[in-house]
Amino acid sequence: MKKQHQTAGSLRREASMFFPVLMMCSLLNAALSFDLGQSTRCVSIPPEMSVCHDVGYSEMRLPNFLGHTSLENEVIPKSEDWRPLLQTGCHPQARTFVCSLIAPVCLDTFIQPCRSMCVAVRDSCAPLLACQGQAWPKALDCERFPAEEDTCLSPVSKETTHFDKVMPKPTCQGCPAVEEAFAYKRVLDAFCQNDFAVKVKVTRRRFHSEEPEVEIEGRVEFISQGQLLPYDTRSLLQQWMLINESCGQRLTRSGRSLLYVLTGDVQADGTVSVKRIFQWHKRDTQLTLAVRKWRHHKC
């Protein structure tokens with residue numbers, strides 16, 4: 001037993017298909033045919049291309065590494081195809097990797113991502129694509145990128161990589177059923193059987209083009225913290241709902257903000273798995289009683 005301390009509507013439509021077939025084909029054709037010796041020009045990263053804002057530079061090369069020559073017809077619209085994946089936070093350098101391909105920095109020479117960066121991003125993000133029935137694009141075969149880290153964009157330091165490995169992180173999973181009728185003893189059993197229990201308010205937003213549709217509203221209230229980090233849990237659960245889109249949709253099926261208690265475990269590799277979901281109705285006495293008794297409960 002355990003008891004321990006885009007464009008409007010794009011996320012709704014595209015979160016379940018991170019890499020559309022058309023994009024995959026264009027990536028494959030362009031990436032295999034790009035010539036590093038061809039003539040290029042420097043242009044400002046346009047305001048509409050917000051996925052590559054705040055990457056440390058403001059000008060990019062055209063054509064880019066994917067062979068795109070037109071900002072309006074290719075680069076900007078195709079950059080939106082990457083937004084759902086980047087919003088999951090699957091790897092801290094996923095945005096750097098993507099933008100180095102679609103908006104390469106404008107220097108005297110082309111700077112590609114290193115093979116090691118590709119491998120790091122692929123190993124973290126490919127499982128999320130698999131969760132949505134998509135494979136890692138063949139065009140992004142990491143073997144096509146340079147191995148020498150002094151001529152390319154290298155990944156994070158080994159120290160940071162090690163730190164990332166011990167951080168709790170969301171994973172792809174089946175969505176637990178939402179429980180609505182229960183006795184407080186059943187809730188206490190769930191608290192005992194799982195590493196953490198948190199109270200969250202989940203809402204569906206539609207008014208901002210760059211906000212995820214489903215989000216955690218306000219702060220997360222810990223009932224049992226377990227191995228979760230207090231400053232990171234809201235973001236972690238937000239990412240979990242983006243990765244497991246069906247769960248996020250299920251929790252906001254009414255279109256209103258709703259309260260839930262989520263219980264789950266943090267696995268040895270840091271992955272977070274949600275095991276039970278209890279809906280907290282406004283006049284629910286059983287959950288209130290369970291939380292009150294938990295403070296002195298012995299499993």
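# A first look at the disulfides, strands and a pocket

Cys 114 is buried, with a relative accessible area of 0%. That is a handy place to start, and keep in mind that what you see is a predicted model.

Cys 114 has a partner: together with Cys 152 it forms a disulfide, and the two sulfur atoms sit 1.9 Å apart. The torsion about this S-S bond is about 100°, so the disulfide is right-handed. Cys 114 lies in the loop between β3 (112-113) and α6 (115-131), while Cys 152 belongs to strand β4 (residues 152-153), so the pair ties together parts that are 38 residues apart in sequence. Cys 152 is buried too, at a relative accessible area of 9%.

How many disulfides does the structure hold? There are 8 of them. As a reminder, a disulfide is a covalent bond between the sulfur atoms of two cysteines. Another one joins Cys 52 and Cys 99. Its torsion of -100° about the S-S bond makes this link left-handed. Here Cys 52 comes from the loop between β1 (41-44) and β2 (59-62) and Cys 99 from helix α5 (residues 94-102), so parts that lie 47 residues apart in sequence are tied together. Cys 52 is buried, with a relative accessible area of 1%, and Cys 99 counts as buried at 1% as well.

One more pair to look up is Cys 175 and Cys 247. This disulfide links distant parts of the chain, 72 residues apart: Cys 175 is in the loop between β5 (169-170) and β6 (178-179), and Cys 247 is in helix α10 (residues 245-251). Why does Cys 175 count as buried? Its relative accessibility is 18%, and buried means under 20%. Cys 247 is buried with 0%.

Here are these three pairs side by side:

| Disulfide | Sulfur to sulfur distance |
|---|---|
| Cys 52 and Cys 99 | 2.0 Å |
| Cys 114 and Cys 152 | 1.9 Å |
| Cys 175 and Cys 247 | 2.4 Å |

Now for the strands. β9 (258-266) is mostly covered, with 8 of its 9 residues buried. On one hand it pairs with β7 (196-204) in the antiparallel sense, over 7 bridges, and in that pairing Val 200 stands opposite Tyr 260 of β9. On the other hand β9 is joined to β10 (271-280) by 8 bridges, and these two strands also run antiparallel. If you want a pair to find there, Val 261 has Phe 278 in β10 as its bridge partner. The hairpin of β9 and β10 has 4 residues between the strands, and in it Gly 270 takes a positive phi near 95°.

Which residues does Lys 169 touch, leaving out those up to four places away in sequence? They are Leu 236, Asp 269, Gly 270, Thr 271 and Val 272, so Gly 270 of the hairpin turns up again. Lys 169 itself is found in strand β5 and is partly exposed, with a relative accessible area of 32%. Lys 169 and Asp 269 are 100 residues apart in sequence, yet their C-alpha atoms are 9.0 Å apart in space.

Helix α8 (residues 184-193) has several buried residues: Tyr 184, Val 187, Leu 188, Ala 190, Phe 191 and Cys 192. What do they pack against? The list is β7, β8 (214-224), β9, β10 and α11 (285-294). So the strands just described come up again as the packing partners of this helix.

β9 and β10 also help to line a pocket. The second largest pocket has a volume of about 150 Å³. It is lined by 11 residues, and the closest to its centre are Arg 256, Leu 258, Gln 279, Trp 280 and His 281. β9 and β10 each supply at least two residues of that lining. By type, the lining divides into 3 nonpolar, 4 polar and 4 charged residues.

Finally, a couple of backbone oddities. Most residues other than glycine have a negative phi, and most peptide bonds are trans. Asp 54 has a positive phi of about 60° although it is not a glycine. Asp 54 is in the loop between β1 and β2 and counts as exposed, at 81% relative accessibility. The peptide bond from Leu 62 to Pro 63 is cis, with omega near -5°. Pro 63 sits in the loop between β2 and α3 (71-79).

Terms used: Residues are numbered from 1 along each chain as its sequence is written. This is a predicted model: local features need pLDDT of at least 70, side-chain atom pairs count only at pLDDT 80 or more; totals for chains, interfaces and linings use all residues. Side-chain values use heavy atoms; hydrogens and water are left out. On a 1 Å grid over the protein atoms alone, a cavity is a set of points where a 1.4 Å probe fits but cannot get out, and a pocket is an open set with protein on both sides within 12 Å along at least five of seven lines; lining residues have an atom within 4 Å of a point. Grid points are joined across faces, edges and corners, and a volume is the space filled by probe spheres set on the points. Ala, Val, Leu, Ile, Met, Phe, Trp, Tyr, Cys and Pro count as nonpolar, Asp, Glu, Lys and Arg as charged, and the others, Gly among them, as polar. Buried means under 20% relative accessible area, exposed over 50%, partly exposed in between (1.4 Å probe, protein chains only). Contact means heavy atoms within 4.5 Å. A disulfide is a pair of cysteine sulfur atoms within 2.5 Å. Two strands pair if DSSP finds at least two bridges between them.
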